[in-house]
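Dear colleague,

I am passing on to you the structure we spoke about, and below it you will find notes on what turned up when it was examined. Please read them with the coordinates open beside you.

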Amino acid sequence: MLIMLGGIQIGVLAACVVLFVPMGMAGYHLSRNRMLFFGGALFITLAVGVHLTPYFPSVSDFVSSVKSVVVYDNREDSCINLVNEVVWDVKPRVISSKGDGTVDYDKIWDWSRNGKAKGCDFEKLGRGDVKDLLNGSWIVVAGDSQARLTVQSLLSLILDEKRMAMIMGDLYKKHSDYEIVVDEIGMKLDFVWAPYVVNLTSLMMGFKKNRTYPDVLVMGAGLWHMLHVNNASDYDFALENLRSSVVSLLPFSSELDMDGPVTGSVSVRSPHLFWLGMPILINGMLNTEEKREKMNDEMWHAYDSVLHNSRLLRRYGGPLLLLDIQSLSWNCGPRCTIDGMHYDGAVYEAAVHILLNALLIETHQKLGSL
């Protein structure tokens, strides 16, 4: 290697002597006549350019590379990192005419219109836009009751009230899977009951074994582990295994796996990957003594810290974009939950719209082009 580098250096030096010494001498003689001098300078410049061009990327390649970087920075790095920037306006609303003081709350949310998020033009999608965006898609949502609530919110944007009423019984069969095909747009949606991270890992391995992959994959787990295992270190180990299984089935796995390339990756279009975060738990509202004891603030923060350190989320170098239920539930507040764990439908509606806007960004689409 060293001998090769020495030969290249000598060759470059010789080329410079052969090229520039005669040109310098010619320039000296031509400098006596101004017109000849400028003509000679132009000739020398063109000659140097011709000789050095093979050693540099083409102008078109350079422009293309710069263009791709600009597009990526604008769409992927900037706006997609701000897609969870949601603000809430929770207002009391008297709903009883009997004068007993019964109060409900209007939960109104929207994206922040200040700072960097202002230029991202996030929007709540109407039914027609959602159908166009998800037309022909296979969507898989896997997890616990938080994931099931997310499925309900997504289907509510696609189906009318009559059909939603018809499917609610099947959707909420306890601890069961659910699937539906929306024939008019050719969309299939699967909900997979997967309350533990190990269930999600098994799901990933099933995709890899069958070589079939959804277009959109939303998953999340942690609450059941916190209640029934109650060990953040074990949760950390489970997330590490999940990350390895997710990375192994992606076409760009070697770029994501910082511990070394992963074998067995497949040449298929990567699914859009989302992680459904855990909600804020309001300990005093939890409905059993076991939950209040085990799912305390200290344990919740331990589990949250493990997730952030797992390199599973995109913001920390991982493959999954966070749907930040933590932030949504925190800002909606205790008036948005009756049991300190499951929140009002507005929280999961916001999560679904965040997902849809992220899909618009990742697929480089705008509402007007759907």
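Against which elements do the buried residues of α4 pack? Please bear in mind, before the answer, that this is a predicted model. The buried residues of α4 pack against two strands, β3 (138-143) and β5 (187-193), and against two helices, α5 (145-158) and α14 (345-362). The residues concerned are V130, L133 and L134, which are the ones listed as buried in helix α4 (residues 127-134). They lie on the same side of α4, because the arc that they cover around the axis is only 85 degrees. After the helix comes G136, whose phi is positive, with a value near 75 degrees.

The aromatic residues come next. A search of the whole structure gives six aromatic pairs, and one of them is formed by W111 and F122, whose ring centres are 5.5 Å apart and whose planes stand at 40 degrees, so that the pair counts as tilted. W111 belongs to strand β2 (residues 103-111), whereas F122 sits in the loop between β2 and α4, and with the two positions eleven residues apart in numbering, the pair links distant parts of the chain. Both W111 and F122 are buried, and together with W109 they form one aromatic cluster.

As for internal space, three cavities of 30 Å³ or more were counted. The largest cavity has a volume of about 70 Å³, and its lining consists of G277, M278, W300, D304, L307, H308, L313, L322, D324 and Q326. Helix α12 (residues 297-309) supplies four residues, the largest share of that lining. By character, the lining of the largest cavity divides into five nonpolar, three polar and two charged residues.

The second largest cavity holds about 50 Å³ of space, and it is lined by D144, Q146, G220, A221, G222, L223, L276, G277, M278 and P279. Here the division is into five nonpolar, four polar and one charged. When you look at the two linings side by side, you will find G277 and M278 listed for the largest cavity and listed again for the second largest cavity.

With best regards

Technical notes: Residues numbered from 1 in each chain as written. Predicted model: local features only at pLDDT ≥ 70, side-chain atom pairs only at ≥ 80, totals over all residues. Heavy atoms only, no water. 1 Å grid on protein atoms, 1.4 Å probe; cavity = no way out; pocket = protein on both sides within 12 Å on 5 of 7 lines; lining within 4 Å. Points joined across faces, edges and corners; volume = space filled by probe spheres on them. Nonpolar A, V, L, I, M, F, W, Y, C, P; charged D, E, K, R; others polar. Buried < 20%, exposed > 50% of the residue type's maximum accessible area, 1.4 Å probe, protein only. Arc of directions from axis to C-beta. Contact = heavy atoms within 4.5 Å. Phe/Tyr/Trp six-rings, centres within 6.5 Å; stacked < 30°, edge-to-face > 60°.
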